[in-house]
Amino acid sequence: MGSIEVSEEKTYTQPRNSSLPSWKLTAREILATKTQNYFAQTKRTKNILMQVAFSIGLGSVWRFPYLCHRNGGGNFILMYFFMLCLFGIPLLYMEMIMGHWLRVDNIRVWKQLVPWLGGIGYASILVCILVSLYHSVIITWSISYLGNSFDNSLPWNQCPLVKTINVTDLSCLRTVSHQYFWYRSTLSASGHIEEGVETLVLQLTLGIFAAWCVLFLIIITGLKTSVLILVFTVFLPCILLLCFLIQSLFLEGAIASLRHMVTTELSAWASLDLWRQAGGHVLYSLGLGMGTTINFSSYKAGEDNYIQVASLMALVNLGTSLLVTSIIFIVLGFWATTSGPTCVEKSVSKLMKLIKRGVLPQDAKPPEDILLLPPLDYLEWISHLPRHLQNQIIRFSPSCSIKMQKGKFMEGPGLAFAAFSQAVSLFPGASFWAILFFLTLVITGLNTLVRILESITYPLQNSISIFRRYPKLLSVFVCLGGFLGSLIFTSHAGSYVMSLFDDCLVPLTLIIIVAFQNVALAWIYGARRVREEIFGDLGRLLWPFLTVLWCYVTLPGLLALTTISLMRLYQTEPPYYIAWNSSMSQEVKQPYLQGTLSWVTFLSILAFLPIPIYPLQHWWYLQDHIASDPFEKLQSKKIPLVPPKPWPKHGMKSQEGNKDRSSKRHSLSLSSSWFSLPVMNSLTSTLSTRSFSLPVSRQVSPALTPIDNSDQHVKTKDENQRGNSVR
């Protein structure tokens with residue numbers, strides 16, 4: 001794939017006599033050494049920036065705030081920080097060190113470590129496909145807001161101008177105009193998930209088509225990511241968010257809102273759903289289980305301290321999430337403070353000023369005792385006015401809610417868009433700030449989605465020969481299939497379907513896949529063995545505390561999260577989603593029907609099918625290639641195999657240590673290789689052995705060795721058997 005920067009990995013040779021003192025080096029050698037150090041440092045900085053840019057993605061800006069708001073603010077923050085330290089950083093480090101150690105893609109990593117679990121990589125690709133489908137619609141929402149930002153008067157600051165006035169149109173005054181704009185103008189949302197799935201919203205359909213066209217151009221042209229673009233992607237969102245936070249601190253109720261955000265109740269920790277959502281978001285926000293980290297670590301050059309990089313990514317992710325959440329909680333507090341009687345008082349004051357200036361006629365003057373009546377009586381008075389006056393009053397009404405909101409304003413996935421449209425409106429020259437912010441949000445979403453698409457195309461190019469010969473063909477299939485699959489999210493019920501994917505389907509699949517990865521590495525292959533081999537191959541000693549976490553903390557936690565997620569799907573009271581009730585002008589909780597949840601079960605099973613199918617396929621393949629005569633089986637065991645090339649030197653390894661380790665690996669592979677054992681014990685004896693061809697694959701670039709080594713082993717065995725039969 002063109003966008004993967006394998007071509008940038010240049011090997012800078014050490015200048016001759018570089019071990020001599022600096023005063024004995026020539027000027028040319030000193031210049032070469034400085035140049036080498038400069039390029040190495042630049043490459044390392046670029047690698048870190050790419051990983052940090054991925055951590056400042058849609059998970060931090062879009063997903064974390066509404067999960068935090070839904071789960072009570074401080075309770076979710078504290079739980080997320082706890083699980084980030086005990087689960088996120090160790091598992092992120094595990095994927096980083098695996099990719100750097102084996103230098104192969106996400107599919108071949110598991111084929112080499114635990115061959116009978118080679119389907120984990122294919123399951124990760126299927127999950128990436130599911131995530132990419134609804135990530136594209138989030139980019140589409142950003143494009144929609146970006147298009148509306150070019151108006152001189154931002155359309156979400158006031159109720160839209162309508163032609164016919166009735167009770168439904170007055171619903172805009174019952175809620176804040178930013179929430180109304182989100183559900184009615186952007187989404188054209190239906191009342192529930194079963195309504196309006198077959199009808200597409202035109203502007204969203206065009207937006208998602210544009211998003212996938214841009215993604216296709218990025219992938220097909222192989223645009224390189226420069227350091228300048230990475231700095232823009234990392235620092236510009238943080239600078240904008242910091243400006244929004246400073247400006248929003250001057251709103252009414254800002255301090256009380258921040259105090260509410262950090263308030264925690266220890267009794268909330270008894271909620272299993274809080275654990276499920278916090279744990280699922282840790283995996284989602286760091287990209288664990290998708291293969292993005294393994295693939296990136298496998299093809300990038302340079303030596304990094306991965307525990308520091310993993311900690312940096314986690315801290316940047318947490319800091320960005322808290323910054324965004326602070327802004328959104330302040331905006332929500334402002335809406336709650338200005339609702340009800342306060343909004344009626346503000347509306348009446350504005351009407352009186354407009355009447356005094358002659359903008360509105362005297363007939364639009366409200367009754368003198370209107371402020372003493374309940375807020376809904378103000379709406380009743382407006383409904384009895386002539387239509388042309390109703391139209392003008394709705395047009396000039398302030399962006400606040402006449403109805404007193406007893407509950408939360410927004411709990412759905414559109415919280416960030418509605419809140420930031422309010423935050424942008426606070427600045428002078430709001431259109432400029434709106435264009436800048438939503439353009440940054442589009443670029444951030446595209447950057448995240450490109451990384452996810454790389455995790456789909458890069459391993460498939462290495463595994464399937466036709467895609468290796470025609471790489472652009474795979475890009476066409478992925479982008480075309482992504483566009484067609486994303487169309488369901490552009491329907492009138494598309495935001496509810498997206499909530500189903502985001503809340504029920506994707507977290508469950510990620511948790512199970514990461515649990516399989518943890519079992520394969522820490523228990524089947526062995527954490528202690530991994531620690532020894534990484535020290536021997538890379539000259540780097542893993543922190544012992546991390547291996548303890550892999551074995552005794554992360555795995556039990558992942559199994560517990562899996563149990564909680566399954567219990568939530570099949571409990572007596574079904575899970576719910578947030579829908580828009582247009583008659584009441586507020587969000588309501590709607591339970592998922594059993595038929596809808598059956599789609600979650602079907603897609604989950606579909607995503608996990610590669611894990612059991614892969615060993616069954618090879619078992620069936622072995623049945624066709626193993627001779628029926630037991631004497632021929634014994635002879636096939638004694639066939640001499642070509643010994644692998646010795647491992648290259650790494651760090652502290654000596655040449656004798658290389659020979660000993662190479663011979664040890666060779667003896668292990670002769671006795672326990674996947675394809676050299678009989679059928680009955682071939683599936684069980686490989687629990688603690690790696691594929692025979694691992695050393696060979698380490699000596700070349702992963703982009704140049706896409707062929708599965710196990711297939712080469714089968715071919716070699718067939719040729720040897722054929723030679724014996726001839727003799």
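Here is a walk through this predicted model, from its nonpolar cores to its charged pairs and its aromatic rings.

Let's start on the inside. The largest nonpolar core has 183 residues, and L113, W141 and F420 are the ones with the most contacts inside it. Helix α20, which runs over residues 494–538, gives the most to this core, with 24 residues. Another core lies apart from it, made of 24 residues that include C159, V344, L389 and C400. If you want a foothold in the largest core, pick W141, one of the residues with the most contacts there. Beyond its neighbours within four places in sequence, W141 is in contact with W62, W182, L187, L204, F417, S495 and M498.

Next, take a look at D105. This residue sits in the loop between α3 (74–102) and α4 (106–113). Is D105 buried or exposed? It counts as buried, because its relative accessibility is 0%, and the cut-off for buried is under 20%. So what does the side chain of D105 meet there? It makes a polar contact with the side chain of N462, at 2.9 Å. A polar atom of the D105 side chain also lies 3.0 Å from the backbone nitrogen of I107. Setting aside neighbours within four places in sequence, the residues in contact with D105 are I294, N295, S298, Y458, P459 and N462.

Now for the charged pairs. Side chains of opposite charge can pair when their charged atoms come close. The count here comes to 8 salt bridges. One of them joins D273 and R568, with N and O 3.1 Å apart. D273 belongs to helix α10 (residues 272–286) and R568 to helix α21 (residues 544–569), so this pair ties together parts that are 295 residues apart in sequence. The two ends sit in unlike surroundings: D273 is partly exposed, with a relative accessible area of 26%, while R568 counts as buried at 10%. There is a wider network here too, as salt bridges link D273, R276, D503 and R568.

Helix α20 comes back into the story with two more pairs. E532 forms a salt bridge with R528, the closest N and O atoms being 3.7 Å apart. Why are these two separated by about one helical turn? Because they are 4 residues apart in helix α20. R528 is exposed, at 69% relative accessible area, and E532 is partly exposed, at 45%. R529 and E533 meet in a salt bridge as well, at 3.1 Å from N to O. They too are 4 residues apart in helix α20, so about one helical turn separates them. E533, though, counts as buried, at 7% relative accessibility.

Finally, the rings. A search of the whole structure finds 38 aromatic pairs. In one of them, the rings of W543 and F545 have centres 5.4 Å apart and planes at 55°, so the pair is tilted. W543 is exposed, at 51%, and F545 is partly exposed, at 42%. The rings of Y577 and Y592 also form a tilted pair, because their planes are at 35°, with centres 4.9 Å apart. Y577 lies in strand β1 (residues 576–581) and Y592 in the loop between β2 (586–591) and α22 (594–608), so they tie together parts 15 residues apart in sequence. Both Y577 and Y592 are buried.

Some rings have a charge for company. R63 lies over the face of Y284, 4.6 Å from the ring centre. The charged end of R451 sits over the ring of F296, at 4.9 Å from its centre.

Key:
Residues are numbered from 1 along each chain as its sequence is written. This is a predicted model: local features need pLDDT of at least 70, side-chain atom pairs count only at pLDDT 80 or more; totals for chains, interfaces and linings use all residues. Side-chain values use heavy atoms; hydrogens and water are left out. Buried means under 20% relative accessible area, exposed over 50%, partly exposed in between (1.4 Å probe, protein chains only). A polar contact is a pair of N or O atoms within 3.5 Å; within protein, one must be able to donate a hydrogen and the other to accept it, and residues adjacent in sequence count only if both atoms are side-chain atoms. Contact means heavy atoms within 4.5 Å. A nonpolar core is a set of buried Ala, Val, Leu, Ile, Met, Phe, Trp, Tyr and Cys residues joined through side-chain atoms within 4.5 Å. A salt bridge is a side-chain nitrogen of Lys or Arg within 4 Å of a carboxyl oxygen of Asp or Glu. Rings of Phe, Tyr and Trp (its six-membered ring) pair if their centres lie within 6.5 Å; planes under 30 degrees apart count as stacked, over 60 as edge-to-face and the rest as tilted. A charge sits over a ring if NZ of Lys or CZ of Arg is within 6 Å of the ring centre and within 35 degrees of the ring normal.
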